[in-house]
Amino acid sequence: MKIKADLERCVGAGMCALTLPQVFDQSEDDGTVEILDPEPPAELAAAVRRAVQLCPSGALSLDTTDAAESAEPIE
Ligand code: SF4
């Protein structure tokens, strides 16, 4: 799993950083997302998916090249 962020779409709402601060932070300049760990460990996959779903602007996306990984249920 690889996390991608479109900074043109990010509105700095901070839901990602609130949901998963181990992986997401916000720029001190403009509040846009900073990805601390773009390829997080498998045990964080469900939390990463939740953070991506909660993003109000659709700025975050996942590149899941592993089919088994993408079949994991969402909590
Ligand atoms: S939740 Fe979405 S819009 Fe908000 S800071 Fe994170 S990426 Fe940006």
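## Exercises on a predicted model

Let's begin at the ligand: 13 residues surround it, and C10, A13, G14, C16 and C55 come nearest (near means that a heavy atom lies within 4 Å). This is a predicted model, in which local features need pLDDT of at least 70, side-chain atom pairs count only at pLDDT 80 or more, and totals for chains, interfaces and linings use all residues. Residues are numbered from 1 along each chain as its sequence is written, and side-chain values use heavy atoms, with hydrogens and water left out.

**Exercise 1.** Work out how the shell around the ligand divides by residue class.

*Solution.* Start with the classes: Ala, Val, Leu, Ile, Met, Phe, Trp, Tyr, Cys and Pro are nonpolar, Asp, Glu, Lys and Arg are charged, and the others, Gly among them, are polar. Sorting the shell then gives 10 nonpolar residues, 3 polar and no charged.

**Exercise 2.** Decide whether S27 is buried or exposed, then find its partners.

*Solution.* First, place S27 in the loop between β2 (24-26) and β3 (33-35); strands are DSSP E runs of at least two residues. Next, its relative accessible area is 13%, so S27 is buried (under 20%; exposed is over 50%, with a 1.4 Å probe and protein chains only). Then follow the side chain of S27 to the backbone nitrogen of D29, at 3.0 Å. Finally, leaving aside neighbours within four places in sequence, S27 is in contact with T32 and E34 (heavy atoms within 4.5 Å).

**Exercise 3.** Find what P40 touches.

*Solution.* Begin in the loop between β3 and α2, where P40 is found. Not counting residues up to four places away in sequence, P40 touches M1, I3, V23 and V48.

Conventions
Helices (H or I, at least four residues) and strands (E, at least two) are DSSP runs, numbered from the N terminus. A polar contact is a pair of N or O atoms within 3.5 Å; within protein, one must be able to donate a hydrogen and the other to accept it, and residues adjacent in sequence count only if both atoms are side-chain atoms.
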